[in-house]
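Dear colleague,

Please find below the structure I promised to hand over. My notes on it follow directly after.

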Amino acid sequence: MTEIIVVTSGKGGVGKTTTSASLSVGLARRGKKVAVIDFDIGLRNLDLIMGCERRVVYDFVNVIQGDCTLRQALIKDKRIETLFVLAASQTRDKDALSPEGVRRVLDELAADGFDYVICDSPAGIEKGAHLAMYFADRAVVVVNPEVSSVRDSDRILGLLASKTQRAEQGNGGVKEHLLLTRYSPRRVATGEMMSVNDVKEILGLDVIGVVPESTDVLSASNAGVPVILNEASDASRAYDDAVARLLGESLPLRFIDEQKKGFFARLFGG
Amino acid sequence: MGLLALFRRSPPTASVAKERLRIIVAQERSARGGPDYLPLLRRELLEVIKKYVNVDPEAVQVNLEREDGHEVLELSVALPGAKPPATPAAPAT
């Protein structure tokens, strides 16, 4: 049984691709067979974050248009045996993606024995975002504790509840989760930033992960190594917890309380 | 950071954000799934009312309520400067 998970947000720049990369690595290194697909046609980026940009020969649109087989287009990750990347094409023709084509690719992945397909949605609510969510069983809605991101997430929740195959078939709809990124416990403590509970209360959804604001995220994308692989980083542990929760474990949220600094550390800006 | 940060505090604005979002999200959710003509209907009603009374744009509320089997279009217009209802005159005896 293949589970299709869309990583979406509405707003751009909140961490969809970073999240898609880390969740797929996390699932794959727990032994799951995972494919992660970039739906951002025209603005390919997942390949960079995954560090396989120089190995892209064929892309998602090539597969849909029959220029190559799915197997030829799937890029096998060099770190984890069971992880595969399907890159977005750089074509400017957004209509290159069709619902039938996407369905065919997803069906073939299911027939190939993939446990999870992670669909990395583009920002916005246009065709690419719509197709990324349409076949999903679950959605991870990435949100920053910031007004425009929260509002856009709610818009996306509305679309998940109406414009998806599961919603149309009326079989329970898409299971939705929130994942907060760029969370700063210090700013929450001083009342400058909305807390996990504030966001949870406004959107009325369960939280599958809270990733603290971290300089490691930029270093990870610089290097093309998903941040979850940087074991020393809090962001890595937070993503790994989110993976465990996706798999049904119940873990308490970490990194949501301020780490108290000593007097001298504060004095000298440590 | 450092010494100055001990004394500098930006004003806590998270609660303002939360309150604004609570209202706008509730408003957008209630419009969701409803017919697309509601915002236009609201705007045109406002134009008509404004010919006669100088009402605030916020004063016209249009809601579509779904009850089992039928829909109710509910209009609510708050008129400006309405005096509190006068106490009813004592019934003539």
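Val36(A) stands opposite Val85(A) in β4(A). The strands concerned are β2 (residues 34–38) and β4 (residues 83–86) of chain A, which pair in the parallel sense over four bridges. Please note that this is a predicted model.

The wider sheet of chain A is open and consists of eight strands, in the order β3-β4-β2-β5-β1-β6-β7-β8, with mixed pairing. Its edges are formed by β3 (75–76) and β8 (207–212) of chain A, each of which pairs on one side only. As general background, strands of a sheet pair through backbone hydrogen bonds, either parallel or antiparallel.

Two helices should be mentioned together with the sheet. Helix α7 (residues 147–160) of chain A lies across β1 (3–8), β6 (138–143) and β7 (175–183) of chain A, and runs at about 165° to β6(A). Helix α12(A) also packs on the sheet, where it touches β1, β6, β7 and β8 of chain A. The direction of α12(A) makes about 175° with that of β8(A).

Two residues drew my attention for their backbone angles. Most residues other than glycine have a negative phi. Arg182(A), although not a glycine, has a positive phi of about 55°. Arg182(A) lies in strand β7 of chain A and counts as partly exposed, because its relative accessibility is 44%. Phe255(A), likewise not a glycine, has a positive phi of about 60°. This phenylalanine is found in the loop between α12 and α13 of chain A; with a relative accessible area of 16%, Phe255(A) is buried.

Glu258(A) is placed in the loop between α12 (234–246) and α13 (263–267) of chain A. At 31% relative accessibility, Glu258(A) counts as partly exposed. Leaving aside residues up to four places away in sequence, Glu258(A) touches Pro185(A), Arg186(A) and Ala189(A). Glu258(A) and Pro185(A) are 73 residues apart in sequence, yet their C-alpha atoms are 4.8 Å apart in space.

Finally, a word on the cysteines. How many disulfides are there over all chains? The count comes to zero. For Cys52(A), the closest cysteine sulfur is that of Cys68(A), at 15 Å, and this is too far for a bond. Seen from Cys68(A), the closest cysteine sulfur is in Cys52(A), again at 15 Å and therefore too far for a bond. Cys52(A) is buried, at 4% relative accessibility, and Cys68(A) is buried with a relative accessible area of 9%.

With kind regards

Notes:
Residues numbered from 1 in each chain as written. Chains lettered and ligands numbered in written order. Predicted model: local features only at pLDDT ≥ 70, side-chain atom pairs only at ≥ 80, totals over all residues. Heavy atoms only, no water. Buried < 20%, exposed > 50% of the residue type's maximum accessible area, 1.4 Å probe, protein only. Contact = heavy atoms within 4.5 Å. Pairing = 2+ DSSP bridges. Axes fitted to C-alpha atoms, helices over the stretch in contact; angles between N-to-C directions. Disulfide = S-S within 2.5 Å.
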